[in-house]
Amino acid sequence: MAFVEDLVVDNVVLQKNLNGLQSEDKRKRKSALNDLRKQLFSQLPKCSSLLQDNQDVSKAIIRCISDESEACREAAVNFLKDLLVEDAIADVNLVLLMPVLSRRLGSEEVVEPSEEVRHALVELLHVVVKKSSKDLFPFFNDIVSILKKTVLDPYPKIKKESCECASSLAFAIPESFHMQSESLIKPLVQILTHQQYRVRVSAILALGVVVRYGNNKSIKEVAGPLAERMFDQTPQVRDAITQVIGDWLAHLPDRYSYFHIMIPLMLTSLNDPSSDIQEKAWILWNAAGHQWMKENEDDIKDKLDFLDNVPLHYPHNIRRPNMGCRTLVKRNLHKIAPALVRELQDWLVDVRIKASQLLCVLILNAESDLHQYLEQLLLGMYRACHDEDIRVVNNIEQASHLIGYFIPPCNYWSLIHPVMEDSCHQGHLRVLAFVMRGGEPSSLESFLTTIADFLEQPTICQSRESLYQSQLVKCCESMMIVCGKHCIKVSQQMFNILVTVLALAASDEVHKASQDELQKLKNFQDLAEDYELYKKFMRPLLLNVSSAPVGWTVHCPERLIFQTLILNSGPALSDCLDVMVPTLSASLCPENEDAEMKLKLLTNLAVILQNTDKTHCISTEVMDPFLFSIIKGVIAPNLVWKAGRTAEALRTITVSCLLSILQTHGTSHCETMVYLLDSLVPILLALVEDASKKTRLYTCYSLCQIISAAQKMSKLNAEHVQKIYYVVLKRLDDVDDSVRKVSVEILRKLFSCLPSDYSIECSSAHIEALYSTLLIHLDDPSVEFGSLLLGVLKELSGLKPEYLLERLKATASNYRNQDACQELLAHISASAKSVAP
């Protein structure tokens, strides 16, 4: 009886609140809603039966959703949603509710102005979809229309709730969802670029469900925008994509038709910056592979016994994908490879980086099955090696390295060789270097000679581009790393390549790298000294580059290689003098008008001649014939006077070479001395008056050296003395004091030790001319030079003392330097007394 009385009371209060909802005063309507809410939620156990007996309650609340007052609308929506959540009502009257929701949210222009109310309405719709899945079909189109609008709502929370509602709708009516699923794709794709990452994550997850339960063809429309989101800076977004693709790979009904779209996205996640995403992607990818194996067990029975057999030659510290994954990649490679090559050339650097990373993972999954598409991939890799972003280039190097593990040299060389032969650039060499580095030693050994022979061709190895040179060195490095001492059989080719790069090195880095590899080559040969390597291998290369030296120019590669060989070979040069000297003679002949080239060669020759004793680069047995050949064939022709500053510089460096020979080695060779006195001295006497101060100085020094050596060998005669002294005497008036001093020394040497055939009586006029000129310069303004002349005059005063004394007395009063004059007079007088009987 008490229960009935309470129920009557509740109905009375309920009716009162329902009447309040009809009030024209919005405050009373709001108050009635609040009172009704309190009444119902305060007695939840009896609430369901009360609402079941009185259907007007839900109708009244639904009517309030269209109330003029925002507060009333919001309270009504939240009230109805909470009733559904708390199971206070089993089902809502969709016939009444859906038109209201459709009008306020799904019309052409959204009627509901309040963001908070719209958000509450979408939440209500979401609850209805979850609670009333069996009754949704008649209103399916209306719900989809609402979601198309609300997904694009400016309010982020509404977007997020709409995405979740779309997913719930797909779960609620999977058998019918495909009929309208495509209409949700476009709005969901539009919000993939929303500024809030939570919205982007919701959109991605919603797309995953919509495509899975809807029309699977939509994956074509979705794949591109999802791929763009792989560049998202927020890990949660990339994680959501990985989760969606993993779900599609395992559960998408028509997945076999779209594996070629899903696989690149999943493989991209395997290289994600986040290790957590990488691990998640690995688990999902392997799960997809295992599932494929189960579904296709009959097709792979013959391979199932080898599932766990990892090849002996496999990249270190890299997990091998299961056979299902590898087969999936193999069967879709024909569609993936062309697209990947195109993206390697994309204008966006981020796309190129992702594409190059994907290439590495693709190779690991395709393994040896990659061969069919290798040529296409290699063409893209060659071009990608020129990328301005070093990360792309590094990824290409890694991909090339991985190719070497799975593709044998016979296969990749047949593809790389024709392209390089046609037009070789650094991209080809970079790929080749790293492909070889990943190769198996035994398989690469059989192709070492073929590859090395090709690389040592002048058209391949004589480039001056720094990057090209560095990659050429890396090719040699790869052969040595992989094959070790087995690369001895191509030592000659590698020596030729490395010396060529060393000669043409465009940067210090390339120069050092080539020298380092030459050191490794020396170690492989078990040689103790660097020169031993040159001694063993330089001759064939020297013969090759010296085939046509007459046409050499300053920029000629052959000249630079020749120069490098002679400067770096040390004692090994002795064994190749028969090649070196004729080459120098031919390249420095008068017919070759490239003076700059001659200048460089002569400079190098001067370096060799000056350092011979220190480096022992030329043995004693061959020294004299070598020097004679150099003087006669190289130096003498280039001392002949020609007009022009370049020719002047050429004469200077040539005479410095001569001086290096004479000072460092001297000459004890009879034939050489005869040639010097009879043929070279007349040329040098002409150079004594050269315009270049250095040329005049070096020439005087050279004459001084020749005279000393000739006197020791008793090869100097009176004719030589007469010719030399007359020209040198004029140099006492030279503008340069150094030339004047050396000239005085030449005169001293000449007349202090006269040859046996020299007659003072017959040469009296010459002696007098010598005394007269020396006496004039005795009064030189330079105290140092005057002292030098005083000493020489004292030493030579015995030639014809009477004339010197007479001349000195006659002009004594004219001298400014009376001390020197008196000192010389005293010396002559004393000398005369000492010889008197």
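Helices and strands here are DSSP runs, with at least four residues for a helix and at least two for a strand. On that basis, the protein comes out with 42 helices and zero strands. The model is a predicted one. Of its 837 residues, 54% count as buried. As for how the chain meets itself, take contacts between residues at least 6 apart in sequence: 73% of these join residues at least 24 apart.

Turning to charged pairs, a search of the whole structure picks up 29 salt bridges. One of them pairs Glu123 with Lys81, at 2.9 Å from N to O. This pair ties together distant parts of the chain, since Glu123 sits in helix H7 (residues 115-131) and Lys81 in helix H5 (residues 70-85), 42 residues apart. Lys81 has a relative accessible area of 14%, so this lysine falls under the 20% cut-off and counts as buried.

Another salt bridge runs between Asp247 and Arg212, whose closest N and O atoms are 3.0 Å apart. Here, too, distant parts of the chain are linked: Asp247 belongs to helix H14 (residues 235-251) and Arg212 to helix H12 (residues 197-213), with their positions 35 residues apart. Asp247 is partly exposed, because its relative accessible area is 22% and the partly exposed class lies between 20% and 50%.

Then there is Arg326, which forms a salt bridge with Glu367 (3.9 Å, N to O). Arg326 lies in helix H17 (residues 323-343), while Glu367 is in the loop between helix H18 (349-366) and helix H19 (374-384); the two are 41 residues apart, and the pair links distant parts of the chain. Both ends of this bridge are tucked away: Arg326 counts as buried at 12% relative accessibility, and Glu367 counts as buried at 8%.

Some salt bridges share partners, and in this way Arg437, Glu477, Glu517 and Lys520 are joined into one network. Within that group, Glu517 is found in helix H28 (residues 508-524). With a relative accessible area of 4%, Glu517 is buried. Leaving aside residues up to four places away in sequence, Glu517 touches Val473, Glu477, Met480 and Leu498.

Helix packing comes next. H17, the helix that carries Arg326, packs against H19 with the axes 9 Å apart and at an angle of about 15°. Angles under 35 degrees count as roughly parallel, so H17 is roughly parallel to H19. The crossing of these two helices is left-handed. On the H17 side the contact is made by Ala337, Pro338, Leu340 and Val341, and on the H19 side by Gln376, Leu377, Gly380 and Arg383. By class, the residues of this contact split into five nonpolar, two polar and one charged.

A second packed pair is made of H18 and helix H20 (residues 390-406), whose axes come within 9 Å and cross at roughly 10°. That angle makes H18 roughly parallel to H20, and their crossing is left-handed. From H18, the contact takes in Arg352, Ile353, Ser356, Gln357, Leu359, Cys360, Ile363 and Leu364. These meet a set of H20 residues, among them Arg391, Val392, Asn395, Ile396 and Phe406. The contact of H18 with H20 has 11 nonpolar residues, along with four polar and two charged ones.

Definitions and conventions. Residues are numbered from 1 along each chain as its sequence is written. This is a predicted model: local features need pLDDT of at least 70, side-chain atom pairs count only at pLDDT 80 or more; totals for chains, interfaces and linings use all residues. Side-chain values use heavy atoms; hydrogens and water are left out. A salt bridge is a side-chain nitrogen of Lys or Arg within 4 Å of a carboxyl oxygen of Asp or Glu. Buried means under 20% relative accessible area, exposed over 50%, partly exposed in between (1.4 Å probe, protein chains only). Axes are lines fitted to C-alpha atoms, for helices over the stretch in contact, and angles run from 0 to 180 degrees between N-to-C directions. Angles under 35 degrees count as roughly parallel, over 145 as roughly antiparallel, 65 to 115 as roughly perpendicular and the rest as oblique. A crossing is left-handed if the near helix is turned anticlockwise from the far one by less than a right angle, and right-handed if clockwise. Contact means heavy atoms within 4.5 Å. Ala, Val, Leu, Ile, Met, Phe, Trp, Tyr, Cys and Pro count as nonpolar, Asp, Glu, Lys and Arg as charged, and the others, Gly among them, as polar.
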